[in-house]
Amino acid sequence: MASDPAPSTGGAGLTGGGSAAAGAAEPADATDPALGPVRPGQPTPGAVGRVGPGAAEGLAELDGTGRRQRHELWMRRALQVAVTGPEPAGPGPTADDVPVGAVVYGPGGVELAVGRNERELTGDPTAHAEVLALRRAAERLGRWRLDDCTLVVTLEPCTMCAGAIVLARIPTVVFGAWEPKTGAAGSLWDVLRDRRLNHRPEVYGGVLEAENSAVLRAFFR
């Protein structure tokens, strides 16, 4: 098994030796049923000549022992939330909400809060999985600063969620599938590592990417 991705310096093109077609009008994404083994994503602003720090700029502890296993374990919990809802024994999620799950972990890997997309369920345009998980973690801790927590989410955060992550001072973000149509952690934008902001999390993308992409493709078929 390959080692855990370093803090993201870019989505890849195609897996299996392929490459993205030059001048393609629109990249494939994790929700495309025809995607197959394609790994979506585009070079992040952390790459040479673009805005934002990359993995070589000292933002990551590249040799953390057991980090890959820990991230995969946490991602499997987020994937469970995406598929079954926050409480497996309770009522399942609505059929209309995109199955994205998020979990906030505190120091030592303690689970603080979870969230799943609830836009259709609640009629709230801000009810993305990440935002709900951040709100619930802040409520549990009694503070808005989550500067000792890790956010794990099954799909690359959008601009709204990336902004909320920065404002919450989350130090580490782990996500699963890339989303080049709306992603703000290295695909379309890189809000999380924009040098102009006063906080930049470490970002680990593509964790259990195949599993997360499969759930999203199944939903959009």
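## Q&A on a predicted model

Tutor: Let's start with a histidine: H199 sits in the loop between strand 4 and strand 5. Keep in mind that this is a predicted model.

Student: Okay, is H199 buried or exposed?

Tutor: The relative accessible area of H199 is 15%. Buried means under 20%. So H199 is buried.

Student: Which backbone oxygen does the H199 side chain reach?

Tutor: Look at the neighbours: H199 touches V166, R169, I170, P171 and L192, leaving aside residues up to four places away in sequence. One of those, I170, also offers its backbone oxygen, with the H199 side chain at 2.7 Å. The oxygen you want belongs to I170.

Student: On to the sheet. In what order do the 5 strands come?

Tutor: The sheet is open, with mixed pairing. Its edges are strand 2 (111–116) and strand 5 (202–204), each pairing on one side only. From one strand to the next, the twist averages 15 degrees. The order is 2-1-3-4-5.

Student: Which residue of strand 2 stands opposite G101?

Tutor: Strand 1 and strand 2 pair in the antiparallel sense, over 5 bridges. They form a hairpin with 5 residues between them, and G108 in that turn has a positive phi of about 80 degrees. Opposite G101 you find R116.

Student: And over how many bridges do strand 1 and strand 3 pair?

Tutor: This pairing is antiparallel too. V104 is a handy landmark, standing opposite L151 in strand 3. The bridge count for strand 1 and strand 3 is 4.

Student: In which sense do strand 3 and strand 4 pair, parallel or antiparallel?

Tutor: Strand 3 covers residues 150–155 and strand 4 covers residues 172–177. T150 has T172 as its bridge partner in strand 4. There are 5 bridges here, and the sense is parallel.

Student: How many residues of strand 1 are buried?

Tutor: Take the two faces in turn: G101, V103 and Y105 point one way, A102 and V104 the other, and all are buried. Strand 1 is therefore largely enclosed by the rest of the structure. The count is 5 of the 5.

Student: What about helices: at what angle does helix 3 run to strand 2?

Tutor: Helix 3 spans residues 129–141. It lies across strand 1, strand 2 and strand 3. Its angle to strand 2 is about 150 degrees.

Student: How far apart are the end C-alpha atoms of helix 1?

Tutor: Helix 1 has 18 residues, and at 1.5 Å a residue it should span 26 Å. The model agrees with that expectation. Just after the helix comes G85, with a positive phi near 95 degrees. The end C-alpha atoms are apart by 26 Å.

Student: Which helix do the buried residues of helix 1 pack against?

Tutor: The buried set includes W74, M75, L79 and V81, along with charged residues, among them R67 and E72. On the strand side, the partners are strand 1, strand 2, strand 3, strand 4 and strand 5. The helix partner is helix 5.

Student: Which residue of helix 1 forms a salt bridge with E211?

Tutor: E211 is in helix 5 (residues 209–220), and its partner in helix 1 (residues 67–84) is 135 residues apart in sequence. The closest N and O atoms are 3.9 Å apart, which falls within the 4 Å cut-off. E211 is partly exposed at 32% relative accessible area, and its partner is partly exposed at 45%. That partner is R76.

Student: Is E118 buried or exposed?

Tutor: E118 makes a salt bridge with R136, with the closest N and O atoms 3.3 Å apart. E118 lies in the loop between strand 2 and helix 2 (119–122) and R136 in helix 3, so the pair ties together parts 18 residues apart in sequence. R136 is partly exposed at 29%. E118, at 15% relative accessibility, counts as buried.

Student: What is the N to O distance between D194 and R196?

Tutor: The two side chains meet in a salt bridge. D194 is buried, with a relative accessible area of 13%, whereas R196 is exposed at 70%. The N to O distance is 2.5 Å.

Student: Last one: how many salt bridges does the count come to?

Tutor: Besides the pairs above, salt bridges with shared partners join R143, D147 and D148 into one network. The total count is 9.

Definitions and conventions
Residues numbered from 1 in each chain as written. Heavy atoms only, no water. Pairing = 2+ DSSP bridges. Axes fitted to C-alpha atoms, helices over the stretch in contact; angles between N-to-C directions. Contact = heavy atoms within 4.5 Å. Buried < 20%, exposed > 50% of the residue type's maximum accessible area, 1.4 Å probe, protein only. Expected span 1.5 Å × (residues − 1). Polar contact = N/O pair within 3.5 Å; in protein donor to acceptor, adjacent residues only side chain to side chain.
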